[in-house]
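Q: Please take me through one part of this model in close detail: the salt bridges. I would like to see where the partners sit in the fold and how buried or exposed they are, with enough of the surroundings to place them.

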Amino acid sequence: MRPWLWAVVTLVLFMGNTARADDARPPSEASMLVTGTITLNGDGTVRSYTLDRASRLSDVVVGVIQHNLPDWKFVPPEGHPDGVTGKMTLRMLSRPIDDKRDRVSIGSASFDDDPADKAWHVTYKNRGIPSYPMVALRVRETGTVYLLLRIARDGHVQDAFAEQVNLDAYASTQLMSELRERFAQSAVKAARDWTFQVPTQGKAADYPCWYVRVPVNYLMLPRGELPSTYESEWHAYIPGPRQSVPWNDYHPSPDRHSDAMASEALQEEGGSLRLLSSLDGE
């Protein structure tokens with residue numbers, strides 16, 4: 001576990017569910033992150049895949065993945081005629097059909113090259129912990145901010161932008177809007193002081209800058225409890241609106257708008273694993 005990835009408030013007593021009784025409503029949707037690896041053939045078809053902690057996944061979740069993933073088609077990986085292996089993260093969603101049944105689906109997915117050789121990739125150097133917003137402390141709200149960072153050639157953060165803020169409990173529309181704003185401000189402020197190791201080998205070493213996405217988790221925990229990774233476990237899912245990046249020189253990859261990111265993820269733009277088909281295999 002990398003401790004700097006979490007803005008955590010440690011509590012002496014368990015504070016219970018973060019939803020407020022006066023304006024809360026039960027979540028209509030649940031989410032789970034499933035991580036693993038995927039191997040592509042040179043033509044972009046799927047050769048094989050593995051799921052982390054597969055024994056903890058239900059037959060329904062495994063079945064949905066088995067039904068869809070083998071039919072996915074990717075952009076043929078440039079420079080890898082024999083295929084390529086990378087990391088994948090799937091955000092599974094569970095929506096109620098009626099009082100007794102839920103529909104499980106793959107809501108989003110992200111893919112990253114395997115950073116076995118760090119000289120070819122952007123990696124963390126120094127990353128400080130963001131401050132916990134006071135309004136979130138008062139109402140006991142937790143959530144995740146998804147940041148897009150522009151990294152300069154000296155490894156410093158040239159710019160930072162909060163693309164999306166997901167919350168873990170319902171509140172009034174006005175309060176949720178304020179919470180998302182405060183979480184975003186906190187994460188962006190902290191990120192501006194982070195530093196990174198930049199690529200020194202490969203094609204990316206010549207880039208004028210690098211774009212990366214990182215999640216910042218805000219949690220409240222009883223004393224001594226370790227943060228949950230949101231992986232292989234169902235949690236309330238209250239996604240925030242995705243914000244358009246205001247940088248004129250930024251041209252995103254079409255498949256890089258996903259909140260399917262594991263807690264320790266650092267996702268680079270321009271990776272070799274780019275999904276062409278839809279998540280249902282079509």
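**The salt bridges in their setting**

A: Happy to. The protein chain has three helices and 12 strands. Keep in mind that this is a predicted model. Its mean pLDDT is 83, and 82% of the residues reach 70 or more. Two stretches call for some care. Residues 1-5 stay under 50 in pLDDT, though the model gives them 15 contacts beyond four places in sequence. Residues 9-27 are also below 50, and that stretch makes 42 contacts beyond its near neighbours in sequence.

As for the overall build, 53% of the 282 residues in the protein chain are buried. Of the contacts between residues at least 6 apart in sequence, 79% join residues at least 24 apart. The accessible surface comes to about 14,200 Å², and 50% of it belongs to carbon and sulfur atoms.

Now to your part. The chain has nine salt bridges in total. Let us begin with Glu29 and Arg95, whose side chains meet at 2.6 Å, N to O. This pair links distant parts of the chain, 66 residues apart: Glu29 is in the loop between strand S1 (6-11) and strand S2 (30-40), while Arg95 is in strand S4 (residues 84-96). How buried or exposed is each partner? Glu29 has a relative accessibility of 14%, so it counts as buried. Arg95, at 39%, counts as partly exposed.

Strand S4 also supplies a partner to a second bridge. Asp259 forms a salt bridge with Arg91, and their closest N and O atoms are 3.2 Å apart. Because Asp259 lies in the loop between strand S11 (235-236) and strand S12 (267-268) and Arg91 lies in S4, the pair ties together parts 168 residues apart in sequence. Asp259 is buried, since its relative accessible area is 4%, and Arg91 is buried as well, with 7%.

The third bridge to look at joins the side chains of Glu269 and Arg213, at 2.8 Å, N to O. Glu269 is in the segment after S12 and Arg213 is in strand S10 (residues 210-222), so this pair connects parts 56 residues apart in sequence. Both partners are buried. They do not stand alone: through salt bridges that share partners, Glu163, Arg213, Arg242 and Glu269 become one network.

Two neighbouring topics help to place all this. Strand S2, which follows the loop that holds Glu29, pairs with strand S3 (residues 46-51) in the antiparallel sense over five bridges. Ile38, for instance, has Tyr49 in S3 as its bridge partner. S2 and S3 form a hairpin with five residues between them, and Gly44 in the turn has a positive phi of about 90 degrees.

Elsewhere, Phe196 in strand S9 (residues 195-197) is worth a look. Phe196 has a relative accessible area of 3%, so it is buried. Leaving aside residues up to four places away in sequence, Phe196 touches Val122, Thr123, Tyr124, Lys125, Leu149, Ile151, Gly155, Val157 and Leu266. From Phe196 to Asp154 the C-alpha to C-alpha distance is 8.3 Å, although they are 42 residues apart in sequence.

To return to your request: Glu29 with Arg95 combines a buried partner and a partly exposed one. In the pair of Asp259 and Arg91, Asp259 is buried and so is Arg91. Glu269 and Arg213 are both buried too, and belong to the network with Glu163 and Arg242.

Definitions and conventions. Residues are numbered from 1 along each chain as its sequence is written. This is a predicted model: local features need pLDDT of at least 70, side-chain atom pairs count only at pLDDT 80 or more; totals for chains, interfaces and linings use all residues. Side-chain values use heavy atoms; hydrogens and water are left out. pLDDT is the predictor's confidence in each residue, from 0 to 100. Contact means heavy atoms within 4.5 Å. Helices (H or I, at least four residues) and strands (E, at least two) are DSSP runs, numbered from the N terminus. Buried means under 20% relative accessible area, exposed over 50%, partly exposed in between (1.4 Å probe, protein chains only). A salt bridge is a side-chain nitrogen of Lys or Arg within 4 Å of a carboxyl oxygen of Asp or Glu. Two strands pair if DSSP finds at least two bridges between them. Accessible areas come from the Shrake-Rupley method with a 1.4 Å probe; for residues, only the protein chains shown count as cover.
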